[in-house]
Structure formats: structure tokens, C-alpha cells
Amino acid sequence: AHHGEVPTPATCAGVLCVACSPPRAMARFVMAALALAACAASANALFFYVVEGQQRCFIEEVPADTLVISTYQNPDFKPYGDPGFTETGIRAMVTDPTGAVVLQKMTNKQGRFAFTSVAGGEHMLCLSTNNTRWFGTPRKFKFDLRVDVGETTIDYTEVAKKEHLSSLEVEIRRLNNKAKDIMSQQAYQREREISFRDTAESTNARVQWWSIGQTVIMIASATWQV
């Protein structure tokens, strides 16, 4: 490679292999790829209010066999024994693209819940209170939620401590995992494209036969009138 150029990384068994690149360019490649990976990270953080008697739902498109971790804070929750304790809590429920419930649990003041997708598609996370009051103004509960999907669920600090990895080895591991994530997303998008194409072709075929049927009926009616 000429001076100033970053060589294209090789691919080993479907996993990004930075070690295959020349040693002098490795550090530059890692820094550039990290910047791109940071932009592509699939993580969503937000806060909102869950109103008593209402349901708040969010949709996340997840490929098959992908880990999803939701971290939350529920500051308005009053556990048993605390002043102001009420029996009202917030229930979290996750359903897969088929409508099957994959996770259901009551939340605490803070914590997290996780699941691994079986089928790729739109997974719905719904939050609601476990009871409602008959009279008075419905109460509101503030809820902070962060959803991490795929590679972003990995705590690389813990990985480095457990496996005694250097900072460069950690970044290489991160890039490999990000590459796997991207390939998984691409496979999922290809499946969706095939499904949409099949639906479009089926619809076009039905419209075509409907037009032919209308033409035959018009010709038959005209012939009968004659």
C-alpha cells in the first residue's frame, strides 16, 4: 500500500480479521473503523411517562438469534415498606412478530430485562401499570429506558478483565462483533426484501387475472346483447 492509504481488511470465515492487515496500518484501521461503528451502534435511550390505565409500546426490528437488553430506571416506583407505597407498578411485556409473548415481568425501581429473538422481525415492548384507579386523576410514572441490540449489549470492560485483553485486542473483538452484527442485519434485510417481492408478485398476478376476468365478462355481455 502507498503511504497514507489504509489497506482493505481481509475477511476470515465471515468475520472481520484485522490481524490479516499489515501491522503498521492496524492502529489506523482500528481508529477509523471504531468511528464508523460508533455511528452504526444500535442503541436507543429515552424517557417518558407511563399513565395509569394506558399502555406505551415501542417497536424494535431485530434479526433472528439476537440478544436484546433493556436497562431501565423507574424513579416514581415506591416499593413495599417505603413511604408513599402504592400497589401500582409497571409491567413490561415483549411480543415477537407472531404475537407470542417472549417476556413478561414487573419492573422495580431500576434494573434490566433481556431476551434473545427466535424469529427476525418487529418485536413490540409494551409498558403498562398493573392496576388502575376508578376515580380521580390517573397517576403518571416517569420511566427511563435504554434498549441495546446485538453487539451493543456486550460490556467490553468486563470482557477485558475476564480474558485479560489489551486495549487493541478489545477493539479488534469489538470490530469483529460489529461485523457479525452487520452481516446479521444484511441477512435479515434480504429476507424482508424476498418477502416483499413475493407479496408484490402475488398482488400483481391477482390484479392481472382480475383484469382478464373483467375483459371476458365484458366480451360475453356484448356478445349476449348482440
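1. The largest nonpolar core of this predicted model has 18 residues, and among these Leu127, Phe143 and Leu145 touch the most other members. At least two residues of this core come from each of strand 3 (43–51), strand 5 (67–73), strand 6 (90–95), strand 8 (110–116), strand 9 and strand 10 (140–149). The most is given by strand 10, which contributes five residues. As general background, nonpolar side chains in soluble globular proteins tend to be buried together.

2. Phe143 deserves a separate look, since it is one of the residues that touch the most other members of the core. Once residues up to four places away in sequence are set aside, Phe143 touches Leu46, Phe47, Phe48, Val50, Tyr72, Gln73, Asn74, Ile90, Thr107 and Leu127. Leu127, which appears in that list, is itself named with Phe143 and Leu145 among the core residues that touch the most other members.

3. For the chain as a whole, the secondary structure comes to three helices and 10 strands, and from the N terminus on the elements follow the order β-β-α-β-β-β-β-β-β-β-β-α-α. Of the contacts between residues at least 6 apart in sequence, 74% join residues that are at least 24 apart. The chain has 226 residues, of which 30% count as buried, and it exposes about 15,000 Å², with carbon and sulfur atoms supplying 57% of that area.

4. The count of disulfides comes to one, and it joins Cys57 to Cys126 with an S to S distance of 2.0 Å. Cys57 belongs to strand 4 (residues 55–62) and Cys126 to strand 9 (residues 121–129), so the pair ties together parts that lie 69 residues apart in sequence. The torsion about the S-S bond of Cys57 and Cys126 is about 110°, and the disulfide is therefore right-handed. The two cysteines fall into separate accessibility classes: Cys57 is partly exposed, with a relative accessible area of 35%, whereas Cys126, at 7% relative accessibility, counts as buried because buried means under 20%.

5. Two salt bridges are counted, and one of them is formed by the side chains of Arg139 and Glu52, at 2.8 Å from N to O. This pair links distant parts of the chain, given that Arg139 sits in the loop between strand 9 and strand 10 and Glu52 in the loop between strand 3 and strand 4, 87 residues apart. Arg139 is partly exposed, with a relative accessible area of 25%, while Glu52 counts as buried at 5% relative accessibility. In general terms, side chains of opposite charge can pair when their charged atoms come close.

6. Another salt bridge is formed by Arg146 with Asp148, whose closest N and O atoms are 3.1 Å apart. Arg146, at 38% relative accessibility, counts as partly exposed, and Asp148 is buried, with a relative accessible area of 7%. In this pair, as in the pair of Arg139 and Glu52, the arginine is thus partly exposed and the acidic residue is buried.

7. The backbone at Asp65 may merit a check, as its phi is near 55°, a positive value in a residue other than glycine. Most residues other than glycine have a negative phi. Asp65 is found in the loop between strand 4 and strand 5, and it is exposed, with a relative accessible area of 65%.

8. Which residues are in contact with Val118, leaving aside its neighbours within four places in sequence? They are Ala64 and Asp65, the latter being the residue with the positive phi. Val118 is found in the loop between strand 8 and strand 9, and at 69% relative accessibility it counts as exposed. Val118 and Ala64 are 54 residues apart in sequence, yet their C-alpha atoms are 5.3 Å apart in space.

9. On the surface, Trp209, Ile212 and Val216 form a nonpolar patch with about 340 Å² of accessible area together. Trp209 lies in helix 3 (residues 167–225) and, at 63% relative accessibility, counts as exposed because the class begins over 50%.

Notes. Residues are numbered from 1 along each chain as its sequence is written. This is a predicted model: local features need pLDDT of at least 70, side-chain atom pairs count only at pLDDT 80 or more; totals for chains, interfaces and linings use all residues. Side-chain values use heavy atoms; hydrogens and water are left out. A disulfide is a pair of cysteine sulfur atoms within 2.5 Å. Helices (H or I, at least four residues) and strands (E, at least two) are DSSP runs, numbered from the N terminus. Buried means under 20% relative accessible area, exposed over 50%, partly exposed in between (1.4 Å probe, protein chains only). Patches are made of residues with over 30% relative accessible area and no salt bridge: like charges are joined within 9 Å, nonpolar side chains (Val, Leu, Ile, Met, Phe, Trp, Tyr) within 5 Å. Accessible areas come from the Shrake-Rupley method with a 1.4 Å probe; for residues, only the protein chains shown count as cover. A salt bridge is a side-chain nitrogen of Lys or Arg within 4 Å of a carboxyl oxygen of Asp or Glu. Contact means heavy atoms within 4.5 Å. A nonpolar core is a set of buried Ala, Val, Leu, Ile, Met, Phe, Trp, Tyr and Cys residues joined through side-chain atoms within 4.5 Å.
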